[in-house]
Amino acid sequence: MFFKKPLNVCFKGFLLFIMKKINYILFIIVIANKLFGQTNLVPNYSFEAYDTCPGTTINSITYSPPWFSSTNSIANYFNSCTNGVWGVPSNWEGHQYARTGSAYAGIGTYAPGTYWRDYLQVKLISKLVLNKQYCVEFFVSLMDTQTVACNNIGLYLSDTAITGASGSVLNFIPQISNDNIVNPLTDKIGWTKVSGTFTANGAENYITIGNFFNDANSDTIFVDGGCCDASGYYIDDVSVQCCDCDTTQQIASNYEVPNAFSPNNDGHNDVFQLQGWKNVTKFTIIIYDRWGEKVFESNDPEIGWDGIYKGKLMEPGVYVYYISATVISGEKIIKKGNISLIR
């Protein structure tokens, strides 16, 4: 005999089916984020963090660490924490709201006859990974006081910090730029994105933003309004993200572990010591002998193992380490491997 199920039972079954589908979708999203999630390698990318509210000092970008000027020229910092000449949205260069948050940087990019240039520079959270492709972007807005728009603002990725004389042109070819006169950077109200992709050589560790061309090779266009025969821009939301890699692996590749040490008191390599792990927020290292007994543990990356366990020197051989750490950008690093104790 055929019996119909009560309506509430059918409805509950339908809800259960929907919940299962939702959970499945959420599961796929979580997995996708873990596999393909991107991390911005630019610290303080929106200039929101600062240690000093800008006041009367020019070249104030150092108030928003770790940003600095690579030519020690006038790279400025604007923040709503103050009013007047260094405020947001109103300041001595014009009136512009931040693209995000309440702060941005400002640089000069063109001044005819003077070759004056300002540059923003910062060290990335970690080095780029060999042969990986990176999506790079930043946003610019022409200052109200300027009568010239410059279409050569670019971003240069380098292995080390680059420097130059105050106000000089840095003679490098930026990998990311907006140098097309058909699309001039004339917007004084909104923000224009400058973006591109870059394949890493595996050593890039710094980015520098500015105009890397002299006056003769700079594409410029006059704009209405303003008082100064020059070109200057606000900069906000700088981003360098790996387009095709697991960011956890990307970050982890910058944290190295030695594979051997020799605690024989000769003053050379006597301690199993980690280098470059100081900027982690959480840390644990455990070392086991070949029978699985724990011989060393520490929650401080600056404390190394001297090869002693329970007051005795351990025998030469291969030991196993396990490291769990969380870096300042939030990624968790797990490393496992072997360490050889040599005497």
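## A buried acid and its partner

Asp 237 is buried, with a relative accessible area of 6%. That value comes from a predicted model. Asp 237 forms a salt bridge with Arg 99. Their closest N and O atoms are 2.7 Å apart. The partner, Arg 99, is partly exposed, at 39% relative accessible area.

This pair links distant parts of the chain. Arg 99 sits in the loop between β4 (94–95) and β5. Asp 237 belongs to strand β14. In sequence, the two residues are 138 residues apart.

## Other salt bridges

How many salt bridges does the structure hold? It holds four. One of them joins Arg 117 and Asp 215, with the closest N and O atoms 2.9 Å apart. This pair, too, links distant parts of the chain, 98 residues apart. Arg 117 is in the loop between β5 and β6 (120–123). Asp 215 is in the loop between β12 (206–211) and β13 (220–222). Are Arg 117 and Asp 215 buried or exposed? Both are buried.

Another salt bridge runs from Glu 137 to Lys 193, where the closest N and O atoms are 3.8 Å apart. Glu 137 lies in strand β7 and Lys 193 in strand β11 (residues 192–199), so this bridge ties together parts 56 residues apart in sequence. Glu 137 has 25% relative accessibility and counts as partly exposed. Lys 193 also counts as partly exposed, at 43% relative accessibility.

## A buried lysine without a salt bridge

Lys 335 lies in strand β21 (residues 332–341). This lysine is buried yet has no salt bridge. Which side chain of opposite charge is nearest to Lys 335? It is Glu 256, 8.3 Å away. A salt bridge needs the atoms within 4 Å, so that distance is too great to count.

The side chain of Lys 335 does have a polar atom 3.1 Å from a backbone oxygen. That oxygen belongs to Tyr 255.

## The largest pocket

The largest pocket holds about 380 Å³ of space. Its lining has 16 residues. The closest to the pocket centre are Lys 123, Ile 125, Ser 126, Asn 205 and Asn 254. By class, the lining divides into six nonpolar, seven polar and three charged residues.

## The second largest pocket

The second largest pocket has a volume of about 300 Å³. It is lined by 21 residues. Closest to its centre are Trp 92, Glu 93, Gly 108, Asp 118 and Gln 146. Three elements give two or more residues to this lining: β2 (76–79), β5 (103–110) and β14 (231–242). Which of the elements gives the largest share? Strand β5 does, with five residues. The lining of the second largest pocket has 11 nonpolar, eight polar and two charged residues.

Gln 146, one of the residues closest to the centre of this pocket, is in the loop between β7 (133–142) and β8 (148–150). Gln 146 is buried, at 6% relative accessible area. A polar atom of its side chain lies 3.2 Å from the backbone nitrogen of Gly 232.

## One cavity

The model has one cavity of 30 Å³ or more. The volume of the largest cavity is about 30 Å³. What lines the largest cavity? The lining consists of Phe 272, Gln 273, Leu 274, Ile 285, Phe 296, Pro 301, Ile 303, Gly 304 and Trp 305. Seven of these residues are nonpolar, two are polar and none is charged.

## Backbone details

Where are cis peptide bonds found? One runs from Pro 65 to Pro 66, with omega near 10 degrees. Pro 66 is in the loop between α1 (7–36) and β1 (68–69). Another cis peptide bond joins Val 88 and Pro 89, with omega about 15 degrees. Pro 89 lies in the loop between β2 and β3 (90–91).

Phe 47 is not a glycine, yet its phi is positive, near 60 degrees. Phe 47 is in the loop between α1 and β1. It is buried, with a relative accessible area of 0%. Asn 131 also has a positive phi, about 65 degrees, although it is not a glycine. Asn 131 lies in the loop between β6 and β7. Asn 131 is exposed, with a relative accessible area of 56%.

Definitions and conventions: Residues numbered from 1 in each chain as written. Predicted model: local features only at pLDDT ≥ 70, side-chain atom pairs only at ≥ 80, totals over all residues. Heavy atoms only, no water. Helix = DSSP H or I, 4+ residues; strand = E, 2+ residues; numbered from the N terminus. Buried < 20%, exposed > 50% of the residue type's maximum accessible area, 1.4 Å probe, protein only. Polar contact = N/O pair within 3.5 Å; in protein donor to acceptor, adjacent residues only side chain to side chain. Lys, Arg positive; Asp, Glu negative; His and termini not counted. 1 Å grid on protein atoms, 1.4 Å probe; cavity = no way out; pocket = protein on both sides within 12 Å on 5 of 7 lines; lining within 4 Å. Points joined across faces, edges and corners; volume = space filled by probe spheres on them. Nonpolar A, V, L, I, M, F, W, Y, C, P; charged D, E, K, R; others polar.
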